[in-house]
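Student: I would like a close look at one part of this model, the nonpolar core and what is packed around it. Please take it in one connected account.

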Amino acid sequence: MSDDAVRDELLRLENVDAWYGTAQALFGVSLSVPRGGVVALLGRNGAGKSTTLRSIMRIEVRTRGEISYAGRDLTRAGTTGVARLGIGYVPEDRRIFGRMTVRENLLLGRHLARGDREPLPLTEILDTFPMLVPLLDRLGGVLSGGEQQLLAVARALVGRPELMLLDEPSEGLAPLTLRQVRTAIQSAHDAFGATVLLAEQNATFALSLAQRVAVIDTGRIVFTGATEELRARPELMSRYLGVESAGAAAGTGS
Ligand SMILES: Nc1ncnc2c1ncn2[C@@H]1O[C@H](COP(=O)(O)OP(=O)(O)OP(=O)(O)O)[C@@H](O)[C@H]1O
Ligand SMILES: [Mg+2]
């Protein structure tokens, strides 16, 4: 890799093993996320996508190997330390506070702003997520799955993350909501300059956003390359992602 490529790398995993207790879930995972890029980590149920994100966030799993972010060694940071470095994490379960309003949930995102950066004002967030405006005074607990997902992405953005880790944002969403979530992620990238690592099993959705892709299967990375390279490999799409024709994953789903 050239010096330029190394300088432009925001997140890097090198030969990472991970365990839950004594059960190993990741085997030598290597992954590189360039600054300003959108990278998809694709794989089926149980492939190790969430475990990879938890390894980065230092949650639940024990790891071995190198995980570095903006040149810092994350394996020495605790969960709070990682968030303070400017990583916005939206976990699988979204963690919306059910008894707080949408506005209060958004304001909570301020606590995750890095010490040296002001949180994003709510008005700026709402310009990008206009669909949240009519929901501001509603309780988090009554939102639909799609609304919760939008709120979770918006809340992570409040802290002005340089990197966003999104765990299956498409899960359980109907096509219309899926498009809104897709737009929200695209805006996080375009309007706020966030680098994005997206864990997904919905290849159509993920490939419509990502420039680069890594495919994970039983805890091992089995493909890394440009989105177009994966699209040109129908056998990989079928074997690891259950996509039966490359054409099916070529659209944007919108
Ligand atoms: N808390 C846990 N304790 C023990 N094993 C776990 C735990 N979480 C995940 N695993 C195991 O680790 C492996 C990888 O799981 P992981 O949740 O990372 O998969 P995934 O790709 O995110 O799947 P999904 O698409 O279903 O969310 C699986 O074999 C799973 O059973
Ligand atoms: Mg998962």
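Tutor: What follows starts with the chain as a whole, goes on to the core, and then turns to the loops, the last elements and the ligand shell.

The model is predicted. Its chain folds into 10 helices and 10 strands. The radius of gyration is 17 Å, close to the 18 Å that the globule rule gives for 254 residues, so the chain is as compact as a globular protein of that length. Along the principal axes, the C-alpha atoms fill a box of roughly 45 × 40 × 40 Å. Of the 254 residues, 43% are buried. Among contacts with a separation of 6 or more, 69% join residues 24 or more positions apart.

In soluble globular proteins, nonpolar side chains tend to be buried together. Here the largest nonpolar core has 74 residues. The members with the most contacts inside this core are A40, V153, L165 and L198. Helix 6, residues 145–158, supplies the largest share of the core, with eight residues.

Helix 6 deserves a description of its own. The helix has 14 residues and spans 20 Å from its first C-alpha to its last, close to the 20 Å expected at 1.5 Å a residue. Burial covers most of the helix: 13 of its 14 residues are buried. Just after helix 6, R160 takes a positive phi of about 45 degrees.

A40 gives a second view of the core. Leaving out residues up to four places away in sequence, A40 touches L198, E200, A206, L207, L209, A210 and V213. One of these, L198, is itself among the core residues with the most contacts.

The loop that follows strand 8 leads on from there. Q201 sits in the loop between strand 8 (195–200) and helix 8 (203–207). Q201 counts as partly exposed because 19 other C-beta atoms lie within 10 Å, while 20 or more would make a residue buried. Beyond its neighbours within four places in sequence, Q201 is in contact with L42, G43, R44, N45 and E168. One of these, N45, is also listed among the closest residues to ligand 1. For a longer distance, Q201 and E9 are 192 residues apart in sequence, and their C-alpha atoms are 24 Å apart in space.

Two other loops hold residues with an unusual sign of phi for their type. E60 is not a glycine, yet has a positive phi of about 70 degrees; its place is in the loop between helix 2 and strand 4 (62–69). R94 is not a glycine either and also has a positive phi of about 70 degrees; R94 lies in the loop between strand 6 (87–90) and helix 4 (102–108). Their surroundings can be set side by side. E60 is exposed because 12 other C-beta atoms lie within 10 Å. R94 counts as buried because it has 20 C-beta neighbours inside 10 Å.

Further along the chain, F223 belongs to strand 10, residues 220–226. F223 is partly exposed, with 18 other C-beta atoms within 10 Å. Its contacts beyond four places in sequence are A214, V215, L230 and L236. For the last of these, L236, the C-alpha separation from F223 is 8.3 Å, and the two residues are 13 residues apart along the chain.

R231 is found in helix 9, residues 227–231. R231 has 18 C-beta neighbours inside 10 Å and therefore counts as partly exposed. Its C-alpha atom is separated by 9.9 Å from that of A203, 28 residues apart along the chain.

The ligand shell closes the account. Ligand 1 is surrounded by 14 residues, and the closest are Y20, N45, K49, S50 and T51. Strand 2 (23–34) and helix 2 (49–57) are the elements that give two or more residues to this shell. Helix 2 gives the most, with three residues. By class, the shell has four nonpolar, seven polar and three charged residues.

Methods: Residues numbered from 1 in each chain as written. Chains lettered and ligands numbered in written order. Predicted model: local features only at pLDDT ≥ 70, side-chain atom pairs only at ≥ 80, totals over all residues. Near = placed C-beta within 6 Å. Helix = DSSP H or I, 4+ residues; strand = E, 2+ residues; numbered from the N terminus. Nonpolar A, V, L, I, M, F, W, Y, C, P; charged D, E, K, R; others polar. Rg over C-alpha atoms; globule rule 2.2 N^0.38 Å. Contact = placed C-beta atoms within 7 Å. Core = buried A, V, L, I, M, F, W, Y, C linked by C-beta atoms within 7 Å. Expected span 1.5 Å × (residues − 1).
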